[in-house]
Amino acid sequence: MCPREIVVNDHQLDPILRSDRLPHIWCPGCGLGPAMACFAKAIQDSDVPVDKHACVSGIGCTGRVAGYLNLDSFHTTHGRAIPFATGLKLSNPDLSVSVFSGDGDLFAIGGNHMLHAARRNIDITVICVNNFNYGMTGGQLGPTTPFAARTSTTPYGNPEGPLNIPHLVAALGAVFVARWTVLHVRQLQKAIAYALQKEGFTFVEVLSPCPVGFGRPNDLGDGLDEMMFYKRQSVVDDQAPLESLGIDMSKESTLVLGNFVDRERPVYQPMGTDPPEQRIRPVVYRPADPEVKAREAP
Ligand SMILES: Cc1ncc(C[n+]2csc(CCOP(=O)(O)OP(=O)(O)O)c2C)c(N)n1
Ligand code: SF4
Ligand SMILES: [Mg+2]
């Protein structure tokens, strides 16, 4: 053996990864590895024991994360991670429940669930990996694809404007909203750790390279080139106006990062802790004919 070669038998994340599922399916240069590592580290460092964490993913390259984590983790159907996580949390409030999924899963097919979970202030953490496209299915246009960007379904440029995710999620009522990139691993890990321990609907957007689906068609190069782009073009500004957080990804554009929202709102509670039969109020059917007595539901 070369004297300078170091053999690493153990890695600090080993206990939290299902090593029998590795190697992972992700392409070289994909940002999902560092994104998952930040999440795994935040879980390891949290005050809640690992067996009290549950992670739910939808479908997509990002959705694979649930399968690689050695937690109670669930790889659910496309767009349905949030309702699944909501049920899990409401039926077992002692669990720390997080959703880890992609921009398409959470904001296209799953957009409706995002809307109502944030509005209700369900006590879950949502981590959205935004790689600006549907990576898994061949690089199609999604709701975060920047205007004029090329994808496999918009080879002449995207004619639609993208969602400004932090602005939207803040308007829906999330109590913590952050955005970091997979280059900013310390800040990302801290933001996830903070989101996990804060009560209410907490949200972290993670900008991440998808060199296959988005980077190359848009002349951003491979994964490392996109990381250099993040390094060059990022500005950290927690106080930035939310409406200014749109992303364009053109060469000279700025990516504004930070922990933008941190506030308190009442957390969603199911109605009381009484037995179900005592919680149901009788429904009164009002008859059209006032002579006929109103009757109570059985
Ligand atoms: C009901 C349904 N519609 C469509 C699909 C196909 N599909 C699988 S993953 C995906 C998009 C995933 O995009 P995103 O959430 O951004 O994840 P990424 O692969 O980019 O990480 C789609 C449309 C599906 N699996 N189920
Ligand atoms: S297609 Fe994109 S998101 Fe999916 S594994 Fe490859 S680089 Fe990552
Ligand atoms: Mg995506």
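Lys-41 belongs to helix α1, which spans residues 32–45. In this predicted model, Lys-41 counts as buried because 20 other C-beta atoms lie within 10 Å, and the threshold for that class is 20 or more. Leaving aside residues up to four places away in sequence, Lys-41 touches Leu-13 and Gln-189. Leu-13 stands 28 residues from Lys-41 along the chain, yet the C-alpha atoms of these two residues are separated by 7.1 Å.

The description now turns to the ligands. Around ligand 1 there are 17 residues, of which Gly-60, Gly-102, Gly-104, Asp-105 and Gly-135 come nearest. Helix α4, covering residues 103–109, gives the most to this shell, with three residues. Sorted by class, the shell around ligand 1 holds 10 polar residues, five nonpolar residues and two charged residues.

Ligand 2 has a shell of its own. Trp-26, Cys-27, Cys-30 and Leu-32 are among the residues around ligand 2, as are Cys-61, Asn-131, Gly-135 and Met-136. The list also includes Cys-210, Pro-211, Val-212 and Gly-213. Helix α8, made up of residues 211–215, supplies the largest share of this shell, namely three residues. By class, the shell around ligand 2 contains nine nonpolar residues and three polar residues, with no charged residue.

One residue links the two descriptions: Gly-135 is one of the residues that come nearest to ligand 1, and Gly-135 also appears among the residues around ligand 2. Leu-32, part of the shell around ligand 2, leads back to the starting point, since helix α1 covers residues 32–45.

Terms used: Residues are numbered from 1 along each chain as its sequence is written. Chains are lettered from A and ligands numbered from 1 in the order in which they are written. This is a predicted model: local features need pLDDT of at least 70, side-chain atom pairs count only at pLDDT 80 or more; totals for chains, interfaces and linings use all residues. A residue is near a molecule or strand if its C-beta atom, placed from the backbone, lies within 6 Å of it. Helices (H or I, at least four residues) and strands (E, at least two) are DSSP runs, numbered from the N terminus. Ala, Val, Leu, Ile, Met, Phe, Trp, Tyr, Cys and Pro count as nonpolar, Asp, Glu, Lys and Arg as charged, and the others, Gly among them, as polar. A residue is buried if 20 or more other C-beta atoms lie within 10 Å of its own, exposed if 12 or fewer, and partly exposed in between; C-beta atoms are placed from the backbone. Two residues are in contact if their C-beta atoms, placed from the backbone, lie within 7 Å.
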